[in-house]
Amino acid sequence: MKININFPVQIYFGNGEIHNIGKRARIFGQNAFLVMDPFLKNSSIEKQIMQNLNDNGVVITPFYDVVPNPTVDLIDNGVEQIKKGHYDLVIAIGGGSAIDTGKAIALLASNYGSCWDYTERLGANVLRPKEKGLPMIAVPTTAGTGSEATPYAVINNPHIHQKCTIVNPAVFPTVSIVDPELMISMPPELTALTGVDAFSHAFESYINVNAHPFSEMIALESIKYFAKNIRQAVKNGTDIEARNGMAWACTLGGMAIAHAGTTVPHALGQPLSGLTNAPHGGTIAACLPEVVEWTLPVAAEKFAVVAEILDPSVKLKSIEEKAELLPSILVDLFREIGADVTFSGYGLKEDDIYSFADTVYTSFQLDLKGHPKVATKDDLVALIRKCM
Ligand SMILES: NC(=O)c1ccc[n+]([C@@H]2O[C@H](COP(=O)([O-])OP(=O)(O)OC[C@H]3O[C@@H](n4cnc5c(N)ncnc54)[C@H](O)[C@@H]3O)[C@@H](O)[C@H]2O)c1
Ligand SMILES: [Fe+2]
């Protein structure tokens, strides 16, 4: 048995943890570059955060240029700004897009070039950071990406319609503050789609060929929290217990992919956002049941375990029966929470299917190789067609 555990992030998890942000930040110095999700602009929570940082002697420069599927240009502009001043740390507060923006800015603050140069692209000359980057504090306001616990920063390049990832231990946040109270303002659709992303991280790492007992343990725990809390979090966003459960499912999901990686759903989902700017969680929801169906009977034992967590009523069925029920369990659940979406609904055209499959096949080999069933280009074309 080979197990490699590397998890360098200090995580503070719990209701109200945001009110300790000033003292957590002050440890790293006085001058902070603050990447803020624009949904927080002029909110009472933003005022409290600014006050708390101020009370602890942290001087901040706010940066609001964050968009969903964060773009190379906005991030590079942020890097230009941070290089003009003297900063001790970067703080990023918001959804996965804000956190990834902050992670990339922190890394590039002490390295040269464009953030795009550091993304993994098959066959391209990928730059590796020479310097560590600035200390970085991540404060998620969605429960989906798990970016607070991963060595990844996903960047969108609209000039070439591609979305690629910096994969490097240097982009683990230094500290993450996960406060479920910050997630209460998420509307039901965002809660559902980001929740599916959190689930898929746990699920894909669990079935991944690189899974090991530690990553599997984290992944299964994440799936249990997802199963128990997703419906209630969508139905009643102010239910703080459900928000706690989903926040924890998300952080564990991030830790799980940090150890074992993602598979075919992320290989399909990420480039779809690059092509159509679709929300990340939606791209995953649109393909996950089809990917499970296509993968069967491979990984049936693990699918059976997940099916039973999501729907305990299948308990007395055989492993094969449970595994075969997983696609419909997912379809029903996604319909119930309003995450029944499709690739065509997100703007993928019939005519684009072949070139899209080609991008997936050439650029996402890392994810494809993690999947327990080998995917040929023809398999991908057929799969994409089913997700339309
Ligand atoms: N780094 C990683 O490990 C990792 C993993 C998976 C996905 N990602 C990336 O993260 C990005 C997606 O992040 P996301 O799914 O969190 O969405 P997001 O950050 O793109 O946010 C989506 C929308 O929700 C808003 N929002 C955020 N928090 C809110 C709240 N509490 N209340 C109301 N509105 C809120 C944002 O302003 C935005 O308009 C994608 O680019 C994806 O590829 C990164
Ligand atoms: Fe994801």
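Trainee: In this predicted model, how far is an oxygen atom of ligand 1 from an N or O atom in the side chain of D37?

Mentor: A polar contact is a pair of N or O atoms within 3.5 Å. The side chain of D37 offers such an atom to an oxygen atom of ligand 1, and the distance between the two is 2.5 Å.

Trainee: Which residue provides a polar backbone atom 3.5 Å from a nitrogen atom of ligand 1?

Mentor: The side chain of K163 has an N or O atom 2.7 Å from an oxygen atom of ligand 1, but that contact involves a side chain. The contact in question is made by a nitrogen atom of the ligand, and the backbone atom belongs to M186.

Trainee: What percentage of the accessible area of ligand 1 does the protein cover?

Mentor: On its own, ligand 1 has 860 Å² of accessible area. Of this area, the protein covers 88%.

Trainee: How many of the residues in the shell around ligand 1 are polar?

Mentor: The ligand is surrounded by 26 residues, with S97, T142 and T150 among the closest. Eight of the shell residues are nonpolar and five are charged, while the polar ones number 13.

Trainee: Where does ligand 1 lie with respect to domain 1 and domain 2?

Mentor: The elements giving two or more residues to the shell include α4 (96-108) and α5 (188-207). Domain 1 spans 10-183 and domain 2 spans 188-386. Because both domains give residues to the shell, ligand 1 lies between them.

Trainee: What percentage of the chain over residues 191-387 is helix?

Mentor: An unreviewed UniProt entry annotates these residues as "Fe-containing alcohol dehydrogenase-like C-terminal". Their end C-alpha atoms are 22 Å apart. Strand accounts for 0% of the stretch, and helix for 74%.

Conventions: Residues numbered from 1 in each chain as written. Chains lettered and ligands numbered in written order. Predicted model: local features only at pLDDT ≥ 70, side-chain atom pairs only at ≥ 80, totals over all residues. Heavy atoms only, no water. UniProt positions renumbered as here; feature names shortened; annotations may be inferred. Helix = DSSP H or I, 4+ residues; strand = E, 2+ residues; numbered from the N terminus. Near = heavy atom within 4 Å. Polar contact = N/O pair within 3.5 Å; in protein donor to acceptor, adjacent residues only side chain to side chain. Areas by Shrake-Rupley, 256 points an atom, 1.4 Å probe, with all protein chains shown as cover. Nonpolar A, V, L, I, M, F, W, Y, C, P; charged D, E, K, R; others polar. Domains from an automatic or database assignment.
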